[in-house]
Amino acid sequence: MADFLELHVNGERHRLDVDPGKSLLGVLREDLDLTGSKYGCGEGQCGACTVLLDGLPVRSCVTPVGSVGAAAVLTIEGLEQDGRLHPVQAAFLAEGALQCGYCTAGMIMSAAGLLRSEPDPDEAAIGRALEGNVCRCGAYARIIASVRRAARTHMEGSHG
Amino acid sequence: MADETRAAGLIEPERYEFSEPPRYHFLLSRRRFLEAVGAGIIVGVVVRNVAAREYLPELARASAEPIGAWLHIAEDGAVTVFTGKVEVGQDIRTSLTQAVADELHVAPAAIRLVMGDTDLTPFDPGTFGSRTTPQMAPQLRRAAAAARVMLLELAADHMGVAADSLTLVEGRISHAHSNRTVGIGELTGGEKLVRELAEDAPTTPAERWTVAGTSLPKVTGRDIVTGRHRYTPDLRPAGMLVGKVLRPPALNAQLTSFDSTRAHAMAGVVVVRDGDFAGVAAPDEATAARALAALDAEWSRSRQPSHRELFEHLKARAEPPRGDADGRGSIETGLSAADERMEASYTVAYIAHVPLEPRAALAQWENDRLTVWTGTQRPFNVRTELARAFGIAEERVRVLVPDTGSGYGGKHTGDAAVEAARLARAAQKPVKLVWTREEEFMWAYFRPAGIIDVRSGVRRDGTLTAWEFHNYNSGASGIRSSYDVLHSHSVYHPSDSPLRQGSYRALAATANTFARETHMDELAERVGMDPLAFRLKNLSEPRLRAVLEAAAESFGWKEWKAKPGHGIGIACGTEKGGFVATCAEVAVERANRRARVVRIVEAFECGAVVNPDGLRNQVEGAIVMGLGGALWEAIAFEDGRILNGRLSQYRVPRFSDLPPIEVVLLDRKDLPSAGAGETPIITVAPALGSALYGATGVRSRSLPLTAG
């Protein structure tokens with residue numbers, strides 16, 4: 001049964017022999033060793049597993065890999081370009097917007113997705129877009145400030 | 001002892017903190033450490049702190065004085081610090097780096113911390129109780145200060161000049177007069193120079209700090225924002241199996257029948273049954289899940305108390321009190337001197353930590369040696385648990401703690417470590433076990449629930465005359481009243497908890513501060529006084545007065561004008577050497593009774609501030625976490641089952657819950673630094689409760705609060 005599944009992740013093509021019902025998160029972590037996306041709840045409630053599918057944030061823990069099709073998957077590992085941090089990553093560092101860091105990858109991916117569709121969101125819009133991401137350490141105010149800071153740098157266009 | 005403990009800024013341990021004390025084996029680790037590190041300068045700090053030895057009786061039994069921390073300067077100039085503390089998001093990796101950089105005069109980037117590795121780091125009771133900053137940071141400062149003196153003396157010999165003519169900057173020692181320099185690693189000539197020094201060696205006073213006292217960014221920040229840091233669930237050694245544990249349907253269930261025939265038939269699957277423990281290991285997640293589902297098991301069930309009868313149960317099963325934190329005067333005398341008397345009961349629910357990284361462990365056996373990577377706040381305690389579980393000596397067990405996705409007091413035990421090690425022993429391969437969120441809710445432990453009875457008396461002029469305080473089950477932390485009252489008794493009654501319970505950020509100080517401060521508000525109202533004025537009238541502790549006044553000032557307490565549907569509240573408290581006061585404004589919509597937190601102002605003082613931005617981050621986080629326990633979080637349970645054990649059923653604070661928060665830090669450079677990860681949470685709930693009362697006219701005496 002050579003039913004290979006083709007997956008486009010961070011600009012690379014992968015041919016995978018996996019059950020199409022397996023979660024995208026499981027494939028990223030187990031089959032591709034991309035462990036930056038985290039398991040937090042397994043029911044799409046915490047956002048720690050967030051990746052972008054063709055630029056839109058999805059919860060990879062509840063996304064069957066068979067449903068991804070030809071869509072481009074972008075994970076936290078693919079956000080940095082040539083050693084240069086994405087503006088959201090840089091802003092998280094500048095604002096000290098993390099404590100334990102376990103939610104950070106999902107937060108950054110959700111924020112990067114937001115800035116693609118809405119380059120200059122206000123605080124309320126950021127909060128709405130990130131409502132599905134939990135930071136148990138409570139760094140919410142700093143995360144909002146980071147997304148505002150990233151928006152101000154006006155550099156989103158240069159990032160894939 | 002109690003006074004000495006308080007004077008040293010230590011907490012009085014909750015009984016569940018020390019129920020399974022670690023034992024022995026400090027001296028072996030000293031020898032092993034010295035063999036393991038390379039040539040260079042090695043400085044160890046001896047733990048002589050009397051109070052520390054008191055709460056760790058095994059330290060007193062040790063035949064040589066134990067080492068608290070090591071500092072190693074290698075021949076290439078690399079500075080490595082070895083501490084048994086662990087990083088769980090409180091950012092001590094950064095603040096401890098600052099302490100070492102300050103004393104050693106090297107850049108923070110040149111310093112590496114090895115944390116929570118039981119083979120390499122000296123014994124440490126665990127990362128809890130806000131003890132890293134007051135205890136570990138000074139130890140590291142002393143080690144670094146001594147290392148600097150050693151370096152200067154060595155360099156003086158090397159150059160044939162006086163040590164006081166040399167300067168150490170950024171890892172190089174210079175003799176300005178002759179224009180010569182030497183790197184700090186080049187001085188030991190391939191030898192190991194070992195020095196142990198006493199804990200009371202002098203360190204730089206806070207006024208002269210250069211690196212500490214500044215907002216150094218998180219040293220591991222880049223690895224985290226790029227996804228490179230590997231938490232325990234991210235470890236994947238070659239040949240690793242995935243483990244899963246068969247969970248009973250309820251707490252206290254016993255395995256009555258077990259058939260693993262179907263699972264055994266699956267390729268690559270290992271099945272373990274050992275008493276009531278049963279689990280599987282398989283080459284991948286999907287196979288492990290299939291194998292687990294193929295186990296046929298039956299469990300005994302029993303009737304157990306539910307959340308509806310919890311508080312009656314806790315009072316009915318209470319044990320005699322353990323000591324009296326105030327213990328002065330006679331309540332009856334105090335009450336007879338009062339114009340107004342009051343009695344009230346307050347309750348707090350069980351709540352879950354919900355650390356976003358679930359409990360996880362990777363276990364590996366090599367012959368009779370066991371190595372386990374796991375996210376825990378107590379690696380040495382986990383080592384003890386493992387050694388006992390497998391009947392092997394502790395020196396055959398190594399526990400390593402990757403920087404962990406939070407704990408909040410919830411990761412003191414080694415459950416996942418023991419389970420993974422049991423599966424790995426059967427499989428003879430490394431096994432990784434990551435708990436699901438549902439397992440987290442059901443099989444970890446909770447912040448204790450409790451019921452608190454208060455009886456008090458007050459004179460018409462607002463003077464407290466009597467204070468009697470009984471805490472059932474939730475704990476003794478923060479039970480002592482800071483108010484001036486001649487007749488005062490505050491006692492803790494342990495009870496029989498239907499659910500497994502343990503540490504939580506600030507322990508019972510949240511429950512005790514909630515009950516005390518809510519009751520203070522009720523008394524203020526009874527005598528017709530403003531809640532702030534009533535507190536200040538009965539409070540002489542200057543540090544507590546200072547935060548109370550600072551919070552009220554920034555909030556605009558005295559200027560606030562009443563608005564329909566709005567209320568304000570204030571609360572203060574002290575715990576673990578920190579002093580905190582919170583003011584809150586709440587609005588309640590008339591139509592649906594939904595409460596909205598309009599704003600929060602919190603003033604906090606914990607001595608000399610080590611990292612202002614890191615401290616603000618901790619205070620902000622504690623306030624946000626405190627919102628959950630104050631407003632929504634409560635575990636529902638029945639017959640040993642958790643009824644809301646999923647993130648979709650258990651509400652934790654989210655972005656939309658975030659009120660504007662203002663943090664006021666009082667920096668007391670004249671006072672020793674206390675820890676700050678916990679205490680800022682304790683006044684959030686009573687301030688919100690009081691504000692909610694102002695908004696609705698209905699007093700809630702329970703956590704979570706009810707909007708009336």
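Is the crossing of H2(A) and H5(A) left-handed or right-handed? The crossing is right-handed, and the close-ups below take a friendly tour of this helix pair and of an enclosed space in the predicted model.

**Close-up 1. Two helices of chain A pack against each other at about 130 degrees.** Helix H2 of chain A covers residues 87-95, and its partner, helix H5 of chain A, covers residues 140-152. Their axes lie 8 Å apart. At that angle H2(A) is oblique to H5(A), because angles between 115 and 145 degrees are neither roughly perpendicular nor roughly antiparallel.

**Close-up 2. Residues of H2(A) meet residues of H5(A).** From H2(A) come Pro87(A), Val88(A), Ala91(A), Phe92(A), Ala94(A) and Glu95(A). Facing them in H5(A) are Arg142(A), Ile143(A), Ala145(A), Ser146(A), Arg149(A) and Ala150(A). Sorted by class, the residues of this contact are 8 nonpolar, 1 polar and 3 charged.

**Close-up 3. The largest cavity holds about 660 Å³ of space.** If you enjoy looking for enclosed volumes, the structure has 11 cavities of 30 Å³ or more. Around the largest one, 41 residues form the lining. Nearest its centre lie Gln90(B), Ile92(B), Gln618(B), Ala676(B) and Gly677(B).

**Close-up 4. Helices of chain B contribute to the lining of the largest cavity.** Helix H5 (92-104), helix H6 (132-159) and helix H18 (612-631) of chain B each give two or more residues. H18(B) gives the most, with 3 residues. By class, the whole lining comprises 21 polar, 14 nonpolar and 6 charged residues.

Terms used. Residues numbered from 1 in each chain as written. Chains lettered and ligands numbered in written order. Predicted model: local features only at pLDDT ≥ 70, side-chain atom pairs only at ≥ 80, totals over all residues. Heavy atoms only, no water. Axes fitted to C-alpha atoms, helices over the stretch in contact; angles between N-to-C directions. Helix = DSSP H or I, 4+ residues; strand = E, 2+ residues; numbered from the N terminus. Parallel < 35°, antiparallel > 145°, perpendicular 65-115°, else oblique. Left-handed = near helix turned anticlockwise from the far one by under 90°. Contact = heavy atoms within 4.5 Å. Nonpolar A, V, L, I, M, F, W, Y, C, P; charged D, E, K, R; others polar. 1 Å grid on protein atoms, 1.4 Å probe; cavity = no way out; pocket = protein on both sides within 12 Å on 5 of 7 lines; lining within 4 Å. Points joined across faces, edges and corners; volume = space filled by probe spheres on them.
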